[in-house]
Amino acid sequence: ILRRVDWSATSVGKPETWAEPLRISLRIIFTTNQPMLIWWGEELVQFYNDGFAAIARSLIRTHGLGASGEKYWRDKWKAIQPDVQYVMKGKGGICREHQLMTSEIDGELSQHYWTYSFSPIIEHNNKVVGVLFVCRDETKEISEKLALQARGADLARVQQIGRVGGLEVRLTSGFRNQRSAEYLMIHGLPPTAANETHEN
């Protein structure tokens, strides 16, 4: 697919003219399954690997190799543009964790959680000439975590309404216990008594 793109019609020019930092960066992203994308030059021309292609199709469903990053991502660009500009200006790399982004596909809204980083690609003269974008879709993990937290909150409400307290005793690290908030309330104990040794 990369070879079928008419690169001479983009600002990066024909592949035989590509700078060494770009060639090295491309070799890195094409030899890993981790979703990665490169924005190159002032127009932020895009290169990406198969791992990233799968993510891009689910979000936009259009071909983006050789496209300008700003034009390709459109409304999503507003969320990441400040970070991309920060890196391109030579101020260093950036990492964002568990970022919620909303997309509209075929008229339906879709929410995804992402952890990603922007790293500078530097020429020999220490000039930043591109950005390496590494990302991970954490939607499934975070959705499961949020569901578990909601279930825990429901259980806590049931315990509070029913005045049911819990006491967990751990025998593997000495003899320690952990008392639930409801247990403390029923017995008139302060919050500091949630964890006590067997001696106490």
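The second largest pocket in this predicted model has a volume of about 220 Å³. Its lining mixes six nonpolar residues with three charged ones, and no polar residue takes part. Elsewhere, there's a nonpolar core of 38 residues, the largest one here, and a strand, E5, that pairs with both E1 and E4.

**The pocket**
- Ile1, Leu2 and Arg3 help line the second largest pocket, together with Trp7, Pro15 and Trp18.
- Arg23, Leu26 and Arg27 complete that lining.

**The core**
- In the largest nonpolar core, Trp39, Phe47 and Phe118 have the most contacts inside it.
- Nonpolar side chains tend to be buried together in soluble globular proteins.
- What does Phe118 touch once its neighbours within four places in sequence are left aside? Its contacts include Trp39, Ile80, Val84, Val87 and Ile94, and also Asp83 and Gly93.
- Phe118 also reaches Val131, Leu132 and Phe133, and these three fall within E5, which spans residues 128–137.

**Strand E5 and its partners**
- E5 is mostly covered, with seven of its 10 residues buried.
- On one side of the story is E1 (residues 36–40), which pairs with E5 in the antiparallel sense over five bridges; here Trp39 stands opposite Val131.
- E4 (residues 108–122) pairs with E5 in the antiparallel sense too, over nine bridges.
- Val131 turns up again in this pairing, standing opposite Pro120, while Ile121 has Gly130 as its bridge partner.
- E4 and E5 make a hairpin with five residues between them, and Asn126 in the turn has a positive phi of about 65 degrees.

**Positive phi outside the hairpin turn**
- Most residues other than glycine have a negative phi, which makes the next two worth a look.
- Leu44 has a phi near 55 degrees, a positive value in a residue other than glycine. You'll find Leu44 in the loop between E1 and E2 (45–48).
- Is Leu44 buried or exposed? With a relative accessible area of 11%, Leu44 is buried, since the cut-off for that is under 20%.
- His98 isn't a glycine either, yet has a positive phi of about 55 degrees. Rather than in a loop, His98 is placed in strand E3 (residues 94–105).
- His98 counts as partly exposed, at 45% relative accessibility.

How values were computed. Residues numbered from 1 in each chain as written. Predicted model: local features only at pLDDT ≥ 70, side-chain atom pairs only at ≥ 80, totals over all residues. Heavy atoms only, no water. Core = buried A, V, L, I, M, F, W, Y, C linked by side-chain atoms within 4.5 Å. Buried < 20%, exposed > 50% of the residue type's maximum accessible area, 1.4 Å probe, protein only. Contact = heavy atoms within 4.5 Å. Helix = DSSP H or I, 4+ residues; strand = E, 2+ residues; numbered from the N terminus. Pairing = 2+ DSSP bridges. 1 Å grid on protein atoms, 1.4 Å probe; cavity = no way out; pocket = protein on both sides within 12 Å on 5 of 7 lines; lining within 4 Å. Points joined across faces, edges and corners; volume = space filled by probe spheres on them. Nonpolar A, V, L, I, M, F, W, Y, C, P; charged D, E, K, R; others polar.
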